[in-house]
Amino acid sequence: MTSSLFPEPAEPAEPAEPAEPAEPAEPAERVVPLRLQRFLARAGVASRRGSENLMTAGRVSVNGRVVTELGSKVDPRVDEVRVDGRVVRLADGPVTIMLHKPAGVITTMREQAGRSCVAELVPTDRYPGLYPLGRLDADTTGLLLFSTDGDLGNALLHPRHHVPKRYVAVVEGTVGQGALEQLRAGVMLDDGPAMPALAEVEPDPHRACRRYGFALPSATAPTAASRRAARERERTHPWSVVSLQISEGRYHQVKRMMEAVGHPVWALHRARFGELDLSGVERGMWRELTDAEVADLRRAAGLEDAPLEGASRVSSGSPRRASAKAGDSTGRKPDARAACAAARGARQAVAAETVTPLGAPLRGSVRVPGDKSIAHRAVLLAAMAVGTSLVRGLPDGLDVRSTIDAVRVLGARVDLRERPDGGFDAAVRGWGDKGPRRAARVDCGNSGTTARLLMGALAPFPVRCALVGDPSLSARPMRRVLDPLALMGASADPPSATHLPLAFCGTTDLRPLDVRLEVPSAQVKSALVLAALGAHGTSRLMQAVPTRDHTERLLPLFGAELACEGERVCLTGPQVLRACDVDVPGDVSSAAFLVAAALRAPGSRVRVEGVGLNPTRLGYLEALRRMGAPVRWWVAEGEGGEPVGAIEACAAREPLRGVRVRSDEVPALVDEACLLALAAAEASGVTVIEGAGELRVKESDRLRASCDLARALGARVSVSGDDLRIEGTGRIAGEAPCAQPPRRARAQGDHRVALAWAVLGLTGSRSLSVEGLACHAVSYPQFLTHIERLVS
């Protein structure tokens with residue numbers, strides 16, 4: 001077994017207890033005896049580590065006696081377990097979930113050295129005994145079911161039950177009517193004839209590729225010769241996208257069927273399983289099935305018509321949470337704490353989730369997850385460095401996971417260790433001056449920071465790899481970083497590529513760059529700075545508008561030499577980074593959503609501690625202060641080259657004032673623009689945000705989302721060019737709303753927009769159903785848990 005990169009403890013650890021039998025091998029019904037921390041995790045109270053912290057803090061009792069010993073066990077059938085005085089119980093029956101499996105993840109519940117597996121993506125701590133119902137190849141994406149119900153799993157996988165499954169495949173050649181007819185009639189395979197399939201050709205193959213994140217062989221082939229051959233083949237032998245529905249589950253069946261009709265598969269995605277599809281479930285995320293969905297599966301598998309009692313604890317459209325039940329089954333309205341408890345579990349992805357008004361003030365202090373922007377950069381710089389770096393306080397968000405997965409694929413070793421606060425530390429052994437290894441494909445998920453900064457990090461090395469992302473990232477512009485990198489000597493394939501997927505290739509003869517950056521993007525600036533580290537000569541970057549400077553602050557910690565004078569950054573390459581330790585402070589953008597909730601909820605007073613207060617990130621707080629909001633902040637220390645302190649906010653007792661936000665201030669609040677729109681909507685007077693065009697090309701069109709949020713509160717909104725004008729209502733916290741907010745809203749796949757709608761729903765006058773709310777796990781998966789804690 002490979003040893004961990006983390007330093008050994010100063011004193012030897014106590015002998016470990018014998019390992020317990022793996023629960024997946026036990027019947028799903030067996031629940032006794034359970035270690036208390038495992039019981040709490042399975043009940044959805046917290047992670048196992050978090051449950052241990054609850055116990056040692058004296059907050060857990062069993063049969064009226066406080067239990068702090070971590071080895072204690074309980075019998076869920078007879079013992080009464082309470083956390084902070086509330087009774088906690090296990091779910092009453094088995095659980096079935098669906099996962100949107102990414103590429104590069106193998107279908108196994110056992111950890112594999114150096115490879116990602118599905119066990120890392122599903123809630124095994126919460127639902128011990130989960131196992132996959134079938135499998136998907138490592139390079140196949142799409143819908144994969146997991147369950148603790150052994151009967152359901154056995155029935156669905158039995159050959160006599162023909163549950164339909166729909167796949168979408170990118171295949172070589174133009175698929176004609178003859179091939180479709182063969183598929184529909186049933187083709188002969190080496191293990192016997194396949195059953196007839198429903199087969200259709202997608203009318204717009206390019207759109208289908210963008211939708212499912214497919215990369216063509218010309219972008220992923222391992223050598224220059226094979227890429228040239230692939231490009232030629234794609235020109236002379238057109239490719240197609242085929243939708244195929246089958247009702248068997250043979251080994252590599254779709255690939256073998258398409259090979260049999262003369263169209264080899266290049267990429268494959270499972271889009272449906274029975275009546276289930278992946279609507280609202282982002283790549284790498286999961287959700288629990290509803291009672292109706294489980295009942296449909298059981299009927300399809302030939303089991304009884306009625307769903308198992310407790311198989312799923314929510315109905316369609318209500319919060320799908322694996323926690324202690326909120327409220328009761330009598331139809332009574334739950335209190336604020338129960339409403340928040342029903343909104344926990346940020347890793348689930350659902351089509352729509354209901355946010356219930358708090359009905360109570362937010363009070364207390366909290367620490368938000370580590371800063372996402374700093375975390376990306378710290379992990380990437382550690383991967384580029386010589387030696388082993390320790391990065392502490394990383395947030396457990398999907399975007400940062402994308403960067404970690406990317407540097408692993410490129411040759412860095414990353415060991416992770418969970419923290420009591422839900423984040424984790426990372427020990428990163430970098431590739432150093434030897435450079436990254438060749439990688440056929442790097443999946444950047446939803447993270448624009450990962451994609452753009454990787455291009456800069458790869459630019460000094462002759463390594464070619466395909467960069468792909470989810471549909472949201474694939475719609476974001478990449479020429480803004482590709483064009484200046486091309487001036488330095490790096491290249492993209494195809495050269496005209498404007499979006500992902502694309503193939504990127506660096507060069508050992510990277511030239512320095514002297515350029516003025518007209519696009520106000522910290523990602524573009526950081527990518528060019530990273531590239532300049534490997535260029536031969538002095539690079540000079542001038543910003544037209546100041547942007548966040550986390551990269552410039554981190555680089556000296558890794559031994560880099562650069563000069564920052566005003567908006568100019570100068571550095572001479574090549575330089576080799578050296579490993580160091582980095583502490584990531586709390587994310588000020590995450591803290592902003594707690595501030596916004598406190599301003600709107602009467603009687604609230606919230607303090608966020610240990611948060612990064614980089615001046616280039618304080619645009620939202622500065623705007624609130626000019627509006628007269630009761631918010632203040634102060635610097636207490638420094639971490640990772642960053643100023644760190646606390647933010648305190650209270651409920652507003654007077655209407656805020658409208659303000660004018662200049663275009664050069666917008667980069668400092670690009671992540672909080674939606675929250676500023678909320679504040680402006682209820683301010684007295686007019687707020688104008690100038691030069692907000694960059695908001696249109698974030699994870700979603702945040703300019704449009706800001707308009708929707710402001711209009712939801714009754715404000716008059718107009719957009720002229722890139723300027724946003726909001727005429728507020730003059731309302732203060734606690735007053736009747738000037739307009740009834742909508743009952744439904746859409747997060748548009750944007751974590752910041754999802755959080756903004758959540759704030760509106762939690763502090764509004766009626767429940768709000770938010771489609772895609774769970775995508776807030778990209779940056780702040782603990783948000784609803786922290787809200788619950790502040791209400792409690």
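## A word to start with

Two residues are in contact when heavy atoms of theirs lie within 4.5 Å. Keep that idea at hand while you explore this predicted model, since it helps with the helix we visit next.

## Helix α21 and what covers it

Let's begin with helix α21, which runs over residues 702-712. How many of its eleven residues are buried? Eight of them are, so the helix is mostly covered; buried here means under 20% relative accessible area. The buried ones are Arg-702, Leu-703, Ala-705, Ser-706, Cys-707, Leu-709, Ala-710 and Ala-712.

Which elements cover these buried residues? Among them are two helices, α20 (673-681) and α22 (751-762), along with the strands β39 (716-720) and β40 (723-727).

Now look at the ends of α21. At the N-terminal end, Asp-701 acts as a cap: one of its side-chain oxygens lies 3.2 Å from the backbone nitrogen of Leu-703. Just after the helix comes Gly-714, with a positive phi of about 90 degrees.

## The whole protein

Stepping back, you will find 23 helices and 42 strands in the protein. Of its 792 residues, 57% are buried. Among contacts with a separation of 6 or more, 74% join residues that are 24 or more positions apart.

## Two nonpolar cores

In soluble globular proteins, nonpolar side chains tend to be buried together. The largest nonpolar core in this model has 82 residues, and the ones that touch the most other members are Tyr-620, Ile-647 and Phe-783. Helix α18 (residues 588-600) supplies the largest share of this core, with ten residues.

Try finding Phe-783 in the structure. Leaving aside neighbours within four places in sequence, Phe-783 is in contact with Phe-593, Leu-594, Leu-755, Ala-758, Val-759, Leu-762 and His-776. Apart from this core lies another one, of 69 residues, which includes Val-391, Phe-424, Leu-453 and Leu-528.

## A buried serine

Is Ser-769 buried or exposed? Its relative accessible area is 9%, which is under the 20% cut-off, so Ser-769 counts as buried. You can find Ser-769 in strand β42 (residues 768-771). Its side chain makes a polar contact with the side chain of Arg-744, at 3.4 Å.

## Empty spaces inside

Rolling a probe the size of a water molecule over the atoms shows where empty space is left. In the whole structure, a search finds four cavities of 30 Å³ or more. The largest cavity has a volume of about 170 Å³. It is lined by 16 residues, and those closest to its centre are Leu-599, Arg-600, Leu-656, Ala-679 and Glu-682.

Two elements give two or more residues to the lining of this cavity: α18 and α20. You have met both already: α18 in the largest core, and α20 as part of the cover over α21. What classes of residue line the largest cavity? Twelve are nonpolar and four are charged, with no polar residues.

## The second largest pocket

Finally, visit the second largest pocket, which has a volume of about 1100 Å³. It is lined by 40 residues, and Arg-211, Gly-280, Glu-282, Pro-471 and Ser-472 are the closest to its centre. Two or more lining residues come from each of α5 (205-212), β17 (265-273) and α14 (471-474). Helix α5 gives the most, with four residues. By class, this lining holds 13 nonpolar, eleven polar and 16 charged residues.

Note on methods. Residues are numbered from 1 along each chain as its sequence is written. This is a predicted model: local features need pLDDT of at least 70, side-chain atom pairs count only at pLDDT 80 or more; totals for chains, interfaces and linings use all residues. Side-chain values use heavy atoms; hydrogens and water are left out. On a 1 Å grid over the protein atoms alone, a cavity is a set of points where a 1.4 Å probe fits but cannot get out, and a pocket is an open set with protein on both sides within 12 Å along at least five of seven lines; lining residues have an atom within 4 Å of a point. Grid points are joined across faces, edges and corners, and a volume is the space filled by probe spheres set on the points. Ala, Val, Leu, Ile, Met, Phe, Trp, Tyr, Cys and Pro count as nonpolar, Asp, Glu, Lys and Arg as charged, and the others, Gly among them, as polar. A nonpolar core is a set of buried Ala, Val, Leu, Ile, Met, Phe, Trp, Tyr and Cys residues joined through side-chain atoms within 4.5 Å. Buried means under 20% relative accessible area, exposed over 50%, partly exposed in between (1.4 Å probe, protein chains only). A polar contact is a pair of N or O atoms within 3.5 Å; within protein, one must be able to donate a hydrogen and the other to accept it, and residues adjacent in sequence count only if both atoms are side-chain atoms.
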